[in-house]
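New to this one? Take a look at the model below, and then we'll walk through a few spots that are worth finding for yourself.

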Amino acid sequence: MTELCAIALGSNLSSEIGDSEKIVQAAIARLANHPEIEVVKVSRWYRTKAITLPNSAPQPDYINGCAILKTILSPLQLLRALFYIEQIFGRERRERWGARTLDLDLLLYSDRLIDSPELVLPHPRMSDRAFVLLPLAEIAADWIHPVTGLAIADLAQNPPDLDLSHPIAINTEALAL
């Protein structure tokens, strides 16, 4: 059975692939080449201030965006595929909220609610993050958050971290694939 899913992408470290914008674009291409994933739509890319833990070193700005996928993979299979792609792009999970070459978060999987040690859906912090809600609202405005019962467009009206992360769109339009 094919399911619609929403993911968030982010990068604030360069690699041999290039800068963060090239990395997130290459990650979309990698997802599109997966035999069990179809990339349906991609938001514009946003430049976002890094929010760090207290007493942490400053980090470069992030490039963030969201994508809508269709997949026959189960939620855990999709999560593992996202982790694998992160690893291919050099992601090392050393510290929470640390700088990274690529971060792929599974936000929504249809209207499923999952609360397991491996996966929590919907993503537990997505409703607090402007850098998730603004791009997601571009491509999934009417998607109803299964916990709050609100449309993504409504959640994106005034995200709590807007004044901290200052997301700014850096390209002109979302991509329909």
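His166 is partly exposed, because its relative accessible area of 41% falls between the 20% and 50% cut-offs. Keep in mind as you look around that this is a predicted model. You'll find His166 in the loop between helix H5 (162-165) and strand S8 (168-169). Its backbone has a quirk: phi is near 45°, a positive value in a residue other than glycine.

Ser110 has a positive phi too, about 55°, and again the residue is not a glycine. Look for Ser110 in the loop between S5 and strand S6 (114-115). With a relative accessibility of 23%, Ser110 counts as partly exposed. Here are the two residues side by side:

| Residue | Phi | Relative accessibility |
|---|---|---|
| His166 | near 45° | 41% |
| Ser110 | about 55° | 23% |

There's another backbone feature to pick out, this time at a proline. The peptide bond from Leu121 to Pro122 is cis, and its omega is near -5°. Pro122 belongs to the loop between strand S7 (120-121) and helix H3 (130-140).

Now for the strands. Why is strand S1 described as largely enclosed by the rest of the structure? S1 covers residues 3-11, and eight of its nine residues are buried, so the strand is largely enclosed. It's worth seeing what S1 pairs with. Strand S4 (residues 62-71) runs antiparallel to S1, and nine bridges join them. One example to trace is Leu4, whose bridge partner in S4 is Lys70. S1 also pairs with S5, again in the antiparallel sense, over six bridges. For that pairing, try Cys5: the bridge partner in S5 is Tyr109.

While you're at S5, which spans residues 103-109, stop at Asp105, which sits in this strand. Which side chain of opposite charge is nearest to Asp105? That would be Arg129, 4.3 Å away. A salt bridge here would need a side-chain nitrogen within 4 Å of a carboxyl oxygen, and Asp105 has no salt bridge even though the residue is buried.

Arg129 does show up among the contacts of Asp105, once neighbours within four places in sequence are set aside. The other residues in contact with Asp105 on that basis are Ala6, Ile7, Ala8, Leu82 and His123. Since S1 covers residues 3-11, you can follow Ala6, Ile7 and Ala8 straight back to the strand that pairs with S5.

How values were computed:
Residues numbered from 1 in each chain as written. Predicted model: local features only at pLDDT ≥ 70, side-chain atom pairs only at ≥ 80, totals over all residues. Heavy atoms only, no water. Helix = DSSP H or I, 4+ residues; strand = E, 2+ residues; numbered from the N terminus. Buried < 20%, exposed > 50% of the residue type's maximum accessible area, 1.4 Å probe, protein only. Lys, Arg positive; Asp, Glu negative; His and termini not counted. Contact = heavy atoms within 4.5 Å. Pairing = 2+ DSSP bridges.
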